[in-house]
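Q: Could you take me on a close look at one part of this model, the strands at its core and what surrounds them? I'd enjoy one connected walk through it.

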Amino acid sequence: MMENWKFRFTIFTPTYNRASKLHRVFDSLKLQTFRNFEWLIIDDGSTDDTKTLVEEYQRSANFVIRYYFQENVHKFLTLTKAFQLAHGEFFYTIDSDDEIFPTALELLNNAWLSISENQRHQFSGVTALCVDQFGVIIGSGFPKSPFDSDSLETYVKYKITGEKSGFQKTALLRQFHFGPEYGNNGYIPEGLLWVGLANKGFKTRYINEVVRKYYVSEGPSIMTNAAFKPNAFGTFQFTKLFLNSYRTYYLTNLPLVVGQLRKFTAAGWYFNLSTIHLFKQLNTFIIRMLFVFSLPISWFYSKNINKT
């Protein structure tokens, strides 16, 4: 059955004690040249004055703002909850300390319309580029624009790096369901969703247009060795999915694949899973052989983590 969407876009912002920075999203939404959107905010247990601030925004905005408060469960389950709450056909996440440029929604919508109507069922969304707060493009651009691919191929085969920004079809995102163990269990990579879409056969249209300003933190990454243990659950789930999504082009980027194998193995060992058990979790001969050959690397990596 066709969904009767109220808006073209749902702009989703998860927030936690970001009242001092939330204005970046609000101010950028006021300037959008494309106006068919709503702003959905889920407050993940903030203790600052976020609620009061959003109420002020709701009184002054000329677009719909919906606000929900919940007890803290961290971003990933907040995201999947938002899929169900969204009233927009396209789901576009903007973090609470970032902003999008005035033509962002217009560019993304036009890129979607540039896909032949009889081919759109093969696509899940559109993704574009980000700059940091100094105006520098983050990571690499795409081989051409437009460029039709998926998250696995761009990451592994084309070695495209860096923060990107775009939307996915809300109806497709609603098909993903995760249990309560994905809440309050460290960092859960959103790549579980993007690889999941690739495994379902959906492509994304990538464009070399800048739509978002991403404020790069000057602090340590949450994925450093020091943060490996509290984030081991998410690391294990993502690396397992990545490795079991094997494509022949994985062999063109062995350093990346071995890097994922060592994280998978180290996370499994952290949960006291045996090496044999981990071997059996992998579903292709090639990846199983690489797993065996990379065990010394994984062992040294694991020992380094255990020192922290």
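**A close look at the paired strands**

A: Happily! All nine of the nine residues of β6 are buried, so this strand is largely enclosed by the rest of the structure. Please keep in mind throughout that the model is predicted.

Let's start with the partners of β6. Strand β6 covers residues 123-131 and runs antiparallel to β8, with five bridges joining the two. To find a point of contact on screen, go to leucine 129, whose bridge partner in β8 is lysine 164. Strand β6 also pairs with β9; here the strands run parallel, and seven bridges join them. A good landmark for this second pairing is glycine 125, which stands opposite threonine 204 in β9.

Now move over to β8, residues 164-169. Five of its six residues are buried, so β8, too, is largely enclosed by the rest of the structure. Besides its pairing with β6, β8 pairs with β4 (residues 88-93) in the antiparallel sense, over three bridges. In that pairing, phenylalanine 91 stands opposite glutamine 168 of β8.

Strand β8 also leads us to the aromatic residues. A pair of aromatic rings is described by the distance of the centres and the angle of the planes. Searching the whole structure gives 31 aromatic pairs. One of them joins tryptophan 112 and phenylalanine 167: the ring centres are 6.0 Å apart and the planes stand at 65 degrees, an angle over the 60 degree cut-off, so this pair is edge-to-face. The pair links distant parts of the chain, since tryptophan 112 sits in helix α4 (residues 104-113) and phenylalanine 167 in strand β8, 55 residues apart. Both tryptophan 112 and phenylalanine 167 are buried.

Another edge-to-face pair is formed by phenylalanine 228 and tyrosine 301, with 5.9 Å from centre to centre and 90 degrees between the planes. This pair also links distant parts of the chain: phenylalanine 228 lies in the loop between β9 (203-213) and α8 (232-243), while tyrosine 301 belongs to helix α12 (residues 295-306), 73 residues apart. Phenylalanine 228 and tyrosine 301 are both buried.

Aromatic residues also gather in a cluster, made up of Tyr155, Phe238, Phe242, Tyr246, Tyr249 and Tyr250. Elsewhere, charged side chains meet aromatic faces. Arginine 24 lies over the face of tyrosine 215, 3.6 Å from the ring centre, and lysine 200 lies over the face of phenylalanine 176, at 5.6 Å from the ring centre.

To finish, let's step out to the surface. There, Leu251, Leu254, Phe285 and Ile286 form a nonpolar patch, with about 360 Å² of accessible area together. Leucine 254 of this patch belongs to helix α9, which covers residues 254-270. With a relative accessible area of 35%, leucine 254 is partly exposed. Helix α9 also holds tyrosine 270, which is partly exposed at a relative accessible area of 39%. From tyrosine 270 you can look across to glycine 139: their C-alpha atoms are separated by 31 Å, and the two residues are 131 apart along the chain.

Definitions and conventions
Residues are numbered from 1 along each chain as its sequence is written. This is a predicted model: local features need pLDDT of at least 70, side-chain atom pairs count only at pLDDT 80 or more; totals for chains, interfaces and linings use all residues. Side-chain values use heavy atoms; hydrogens and water are left out. Buried means under 20% relative accessible area, exposed over 50%, partly exposed in between (1.4 Å probe, protein chains only). Helices (H or I, at least four residues) and strands (E, at least two) are DSSP runs, numbered from the N terminus. Two strands pair if DSSP finds at least two bridges between them. Patches are made of residues with over 30% relative accessible area and no salt bridge: like charges are joined within 9 Å, nonpolar side chains (Val, Leu, Ile, Met, Phe, Trp, Tyr) within 5 Å. Accessible areas come from the Shrake-Rupley method with a 1.4 Å probe; for residues, only the protein chains shown count as cover. A salt bridge is a side-chain nitrogen of Lys or Arg within 4 Å of a carboxyl oxygen of Asp or Glu. Rings of Phe, Tyr and Trp (its six-membered ring) pair if their centres lie within 6.5 Å; planes under 30 degrees apart count as stacked, over 60 as edge-to-face and the rest as tilted. A charge sits over a ring if NZ of Lys or CZ of Arg is within 6 Å of the ring centre and within 35 degrees of the ring normal.
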